[in-house]
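Trainee: I am new to this structure and should like to know how its descriptions are justified. May we begin with the model itself?

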Amino acid sequence: MSEFFAMSGYARYLWPSFGLVLGVIVLNVVLAWTSLERAQVQARRRLEMRS
Amino acid sequence: MKSDEYTVAWLVARRDLRLAFRKPSQLIQPLMFFMIVATLFPLTLTPELSRLRDAAPGVLWVGALLSSLLALEFLFREDAQDGTLEQFALSGQSLTWMLFAKTCTHWLLTGVPLAISAPLAAGALGVPLSAMPALVAALLLGSFAMSLTGSISAGLTLGARRGGVLLSLLTLPLAVPILVFGANATQRAITGDDIAPPMYMLGAIAVLGATLAPLAAAAAVRIGLE
Amino acid sequence: MSWVWFHRFGSPPWVYGFARRWAPWFGGVAAIAMLVGLYGGLVLAPPDYQQKDAYRIVYVHAPSALLSLMIYTTMAIAAAVGLIWRIKVAHAAAAACAPIGAWFTVATLGTGMLWGKPMWGTYWAWDPRLTSELVLLFLYFGYMGLRAAIEDPQKADKASAVLAIVGVVNVPIIKYSVTWWNSLHQPPTRLIGEADMAGNMVWPLITMFGAFGLYFAAVFLVRLRAELLRRERNASWIREVLT
């Protein structure tokens, strides 16, 4: 098991790489969601102002 | 009446040249900027000529790019502000050709003087005399290409806030190939290698730019004027 | 076969509904595919003869690179469609692509640096592929910066469309840089047919390509909804969608 994590000595390049990409993946989901929520709030406000 | 595109282009070019010579100080500024940038490097890096010579291609070309960015401010801004650009767009004549003419005169007024006086700065950076003709030739082609790519970003940033900074940000990615090949040509000239490969690439970029950039610039200007 | 289904893609309310329905599915399948691909790449695939386990970075580096290029191309095509045929949905699509593409360009550069250090001895080299990928990042930033700097939304759409189209010339440069020039970065690896990679190394990679593609579709559809809402000022369909 520790062999797996050591990745024949390349662990300190490999795991940060995967961590970076995982971070980008998660971040993009979060950013997309918040962008949608903000757009919905603004659209609602515009609707209210009109009516 | 729809004039011949060449006539229109020539008229625009003549107008731009006349206007530019009424304010010669504006022409000197980019050149002075280039000289200052080139001299800053020996001051801050090292006075050792051999080490400066290694850095010379990069310094010269980055200096040329920065000077070109500074000069791009003058390409469309005044005409946009006083409504001339709008008249061009509405005139029914080819905006593409008019902008091409403007870009060419811009190059004649900024790029050509820079290329011709570059040997001064290059000599101060330890570049040998044998490399000077190649340097001037590469800078002539490269500055032409830079004016063309700059015309696109200048057109795009006409309607933008803080257009100046954005102009530089937009021009930079498009100018990278010019920098790469130009610096390569200069480096090869210094070491005495064959300069043909990068010069051909510079030429290709210049030709591609000359054919396509005015189209994109015209589209950008029309969008900005809407 | 009618053109009706094609015209639907130009209708903001239809696209909004499509995006709302399908994004979760794309996301779910993407997540499963990613887990399968990661298991295949990290556990099942054998170590490389030369690079030992370091080569496994390919399982995130190559898909990220593919996304960075594919998203830019999608953005440029959407921008062109929006510019030529004046279709608002197309402009919204282009805007939705940009931040995702920029982030995956960062991921590509980052994982590339982490792979380069053990393999080439350096985090960075000014070789054609790396340099043009960096230029791609600048193009994404320029695109988003231009959008942000122009007040009028329609002008912003059109101006950034011109920029996206002009910049697309960089994409083939990145792709073919390793064939055209002597590059530090390795040349293309054939995956199928006369493959340069062993079979049990290839299938996780292809799975990851698919997973990242589906993931992009999911996130893109979410962002597309936001962009559509921002562009629809008076439309009545918004009222129904929000309540």
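**Confidence and the three chains**

Mentor: Among the elements of chain B, helix H2(B) (residues 24-44) has the lowest mean pLDDT, 86, and H6(B) has the highest, 95; pLDDT is the predictor's confidence in each residue, from 0 to 100. The model is predicted, and local features need pLDDT of at least 70, side-chain atom pairs count only at pLDDT 80 or more, while totals for chains, interfaces and linings use all residues. Residues are numbered from 1 along each chain as its sequence is written, and chains are lettered from A and ligands numbered from 1 in the order in which they are written.

Trainee: What are the scores of the model as a whole, and what does chain C average?

Mentor: The ipTM is 0.91 and the pTM is 0.90. Chain C averages a pLDDT of 89, with 95% of its residues at 70 or above. For chain B the average is 90, and 99% of the residues score at least 70.

Trainee: What makes up the secondary structure of chain B?

Mentor: Chain B has eight helices and zero strands. Helices (H or I, at least four residues) and strands (E, at least two) are DSSP runs, numbered from the N terminus.

Trainee: Why is chain B called as compact as a globular protein of its length?

Mentor: Its radius of gyration, taken over C-alpha atoms, is set against the globule rule, 2.2 Å times the number of residues to the power 0.38. The rule gives 17 Å for 226 residues and chain B has 18 Å, which is close, so the description applies. Along its principal axes, the C-alpha trace of chain B spans about 60 × 30 × 30 Å.

**Contacts between chains**

Trainee: How do you know which chains are in contact?

Mentor: Two residues are in contact if their C-beta atoms, placed from the backbone, lie within 7 Å. On that basis, 25 residues of chain A meet 32 residues of chain C. The side of chain A that touches chain C has 19 nonpolar, five polar and one charged residue. Here Ala, Val, Leu, Ile, Met, Phe, Trp, Tyr, Cys and Pro count as nonpolar, Asp, Glu, Lys and Arg as charged, and the others, Gly among them, as polar.

Chain B gives 18 residues to its contact with chain C, which gives 17. H7(B) contributes the most to the chain B side, with six residues. No contact joins chains A and B, whose closest C-alpha atoms are 23 Å apart.

**Helix packing in chain C**

Trainee: What makes H4(C) and H5(C) roughly antiparallel?

Mentor: Angles run from 0 to 180 degrees between N-to-C directions, and axes are lines fitted to C-alpha atoms, for helices over the stretch in contact. Under 35 degrees counts as roughly parallel, over 145 as roughly antiparallel, 65 to 115 as roughly perpendicular and the rest as oblique. H4(C) (residues 88-120) and H5(C) (residues 128-149) pack at about 150°, with axes 9 Å apart; they are therefore roughly antiparallel.

Trainee: Why, then, are H3(C) and H8(C) called oblique?

Mentor: The axes of H3(C) (residues 58-85) and H8(C) (residues 199-231) come within 9 Å and cross at roughly 40°, and the two helices are therefore oblique. Their contact includes Leu66(C) of H3(C) and Phe212(C) of H8(C). By class, that contact has 13 nonpolar, no polar and no charged residues.
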